[in-house]
Number of protein chains: 2
Amino acid sequence: MEQKVTLKKLAGLLNLSVSTVSKSLNDSPEISAQTRSRVKQFAILNNYVPNGMAQSLKANKTKTIGVIIPNILPSFFTKALYGIESTAAKAGYKIIICISNESTRKEAESLRTFLNGRVDGIILSLAKETQQTQQLEHLNRIIDYGIPLVLFDRITHKISCDSISIDDKKIAEKATDEMHRSGCRNIIYLSTIFDTSVDLQRQNGYALSRAKCRAQPYVLHINENEAFEEKLLPVLAEKSVDGILAADELSAILSMRTAIKKGYKIPEDISVIGFTNGFMGEHFLPSLSTVNQHAEEQGKMAVETLITRLQKDQDSPTALEEYLEPVHHVLETVIIHRESTHPPVPKFSGKV
Amino acid sequence: MEQKVTLKKLAGLLNLSVSTVSKSLNDSPEISAQTRSRVKQFAILNNYVPNGMAQSLKANKTKTIGVIIPNILPSFFTKALYGIESTAAKAGYKIIICISNESTRKEAESLRTFLNGRVDGIILSLAKETQQTQQLEHLNRIIDYGIPLVLFDRITHKISCDSISIDDKKIAEKATDEMHRSGCRNIIYLSTIFDTSVDLQRQNGYALSRAKCRAQPYVLHINENEAFEEKLLPVLAEKSVDGILAADELSAILSMRTAIKKGYKIPEDISVIGFTNGFMGEHFLPSLSTVNQHAEEQGKMAVETLITRLQKDQDSPTALEEYLEPVHHVLETVIIHRESTHPPVPKFSGKV
DNA sequence: CTGAAAGCGCTTACAG
DNA sequence: CTGAAAGCGCTTACAG
């Protein structure tokens with residue numbers, strides 16, 4: 001391991017000034033073509049790599065994005081992260097990732113460390129606890145600080161920043177409608193992610209659909225540490241359930257598993273629609289009909305929105321920034337029909 | 001968004017020198033207790049956050065770790081990343097993550113950007129292409145540069161650095177042995193990650209076990225874009241397959257799925273053991289018996305090993321470093337028996 | 001106990 | 001076309 005080679009060292013060896021070397025490497029027209037190429041060759045020869053910390057300090061930007069997600073194991077977040085990483089990489093940005101583990105404290109801590117100038121902007125999906133308690137001071141601090149923030153999936157409109165989401169309410173309503181049209185009469189809503197914004201929206205959409213059919217909505221919340229069988233099976237029996245809208249992939253799979261083990265047939269006895277389009281649902285037997293949340297696309301949009309914001313900040317004086325309204329991207333979603341539901345029945349279109 | 005508050009600004013407002021303010025905030029005993037607390041209070045009042053870039057530049061360390069993984073979607077890597085993130089966070093390190101997408105070029109590019117001093121050390125699992133072609137120059141460059149590198153899971157011993165892995169050969173042999181003892185006679189080896197180090201090791205272990213039974217090994221490689229049914233079903237029929245050792249979770253699930261759809265019963269007709277302990281295998285019907293690769297633990301060990309190395313580097317003069325031999329941690333693994341295999345038959349222990 | 005100065009490795013107006 | 005100087009925001013020997 002040799003001593004680190006710096007501009008200064010290069011300059012010494014070349015008998016040039018640090019400025020000239022720096023300008024040459026940055027291809028400044030100020031410097032003669034000859035010197036430029038000489039310096040560049042010499043730099044390569046010496047394995048020179050500019051110090052990113054010094055560059056960032058000088059330029060006051062880091063070309064890195066801070067990403068905070070509540071959890072990495074559900075495939076929605078894994079895929080979103082993939083979308084974020086690949087889009088950021090293409091744009092020349094690095095990503096620093098933090099997992100809040102659904103805890104507001106951890107979320108706030110990660111956010112605080114991002115105040116130190118290591119990231120140009122932040123992409124975040126809120127922790128369950130944050131959405132439950134609505135403690136948002138740590139987010140507002142970031143905004144006050146002037147660090148661009150983009151929320152995705154688990155968002156809030158109580159703070160002023162860009163966001164990416166899907167229309168959870170609308171698609172949940174549609175999914176419930178479709179199950180109803182295919183013959184399901186006793187559809188329940190099942191969730192393990194209760195009190196998140198997405199859960200609430202999906203629940204609303206579900207309730208709306210039920211109301212249209214003058215059916216009583218039934219919402220079942222199961223904790224991750226609770227026994228699925230114990231909570232689910234009594235409900236299936238009592239309510240003669242023939243349709244389940246599950247707010248996340250895991251609970252969709254677990255309910256199919258539980259039902260099948262008990263002797264129910266899917267979709268003959270019970271139809272199931274889940275959220276997120278992950279491997280688990282795709283490869284289960286029967287494969288899961290599901291709302292495609294476009295996880296990767298959400299990640300991609302989050303990065304693009306953030307970068308756009310960063311560029312605007314750069315162009316316009318800080319005062320102008322107040323005029324830049326937050327943008328809220330709502331992605332179109334779609335239901336992927338697979339084996340856990342009956343074939344979809346077309347909507348009655350007599351009116352048209 | 002106010003102007004950023006710096007030491008200089010603080011010093012101006014307090015009528016103190018920058019040095020005194022800096023020392024106070026760092027609780028230097030040089031400064032009187034009174035001044036210290038006055039400065040600290042004032043700093044909090046002004047929402048002062050030290051600039052991390054400047055600190056890193058000065059200290060020549062960043063408290064961040066670069067992580068390069070080939071792919072983020074397979075649950076092994078998702079879980080490993082989780083282990084890395086949580087362990088790093090506990091130790092006060094941030095992680096920058098890059099996904100090589102199994103490409104040597106991308107791996108090398110990410111590695112090159114890590115040369116710029118943004119990370120203190122690197123954790124990496126090799127891209128498939130890198131393992132196939134054995135191009136390792138980009139890794140050696142990192143070593144020459146003196147940046148500590150820890151390899152995990154997909155490792156190589158051709159470069160001199162720390163590594164974390166499991167004994168893939170031994171556990172594959174054991175898994176095959178167990179299927180044999182439970183009555184399987186025609187066990188095949190199935191993989192979609194061929195030519196990785198782990199695939200080769202598992203194949204070796206499998207072959208060893210087959211040899212002990214004087215049985216012919218049969219290795220089936222399927223590409224991700226190939227139709228699973230077309231490749232697998234003929235083999236199942238021709239070879240009267242009654243056992244499958246699958247080198248990854250996805251191919252284990254896909255083979256169960258394919259076999260079940262064709263009318264085979266699992267484990268009655270065919271036993272299946274997979275690798276990685278992920279949700280998909282855990283919740284499939286039947287649930288998958290699998291080798292626990294301790295993904296999270298590997299991630300954790302990788303971070304701990306790296307941090308140990310960083311501390312050694314700090315303590316010892318560079319010359320001494322040559323004497324610090326690489327350490328290779330090989331984690332103990334275990335087979336988790338679930339529904340895709342017959343209950344394990346105890347090993348014949350007459351010798352004891 | 002406090003402060004002036006140098007330096008981490010860069011970039012960039014400004015002089016010559 | 002080249003270079004000296006200032007500065008990004010910190011820390012830390014060294015003086016006083």
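A residue is taken to be near a strand if its C-beta atom, placed from the backbone, lies within 6 Å of it. In this predicted model, local features require pLDDT of at least 70 and side-chain atom pairs count only at pLDDT 80 or more, whereas totals for chains, interfaces and linings use all residues. Residues are numbered from 1 along each chain as its sequence is written, and chains are lettered from A and ligands numbered from 1 in the order of writing.

By the first criterion, DNA strand D is surrounded by 25 residues, of which Ser17(A), Ser19(A), Ser19(B), Asn51(B) and Ala54(B) are the closest. Two or more residues each are given to this surface by α2 (18–25) and α4 (52–59) of chain A and by α2 (18–25) and α4 (52–59) of chain B, helices being DSSP runs of H or I with at least four residues and strands runs of E with at least two, numbered from the N terminus.

Between the protein chains, 43 residues of chain A are in contact with 43 residues of chain B, contact denoting C-beta atoms, placed from the backbone, within 7 Å. On the side of chain A that touches chain B, the elements giving two or more residues include α5 (75–90), β2 (94–99) and α12 (249–261).

Leaving aside neighbours within four places in sequence, Ile95(A) is in contact with residues including Ile65(A), Val67(A), Ile96(B) and Ile97(B). Chain A as a whole comprises 14 helices and 12 strands, and its C-alpha atoms fill a box of roughly 85 × 45 × 45 Å along the principal axes.

Definitions and conventions:
Two residues are in contact if their C-beta atoms, placed from the backbone, lie within 7 Å.
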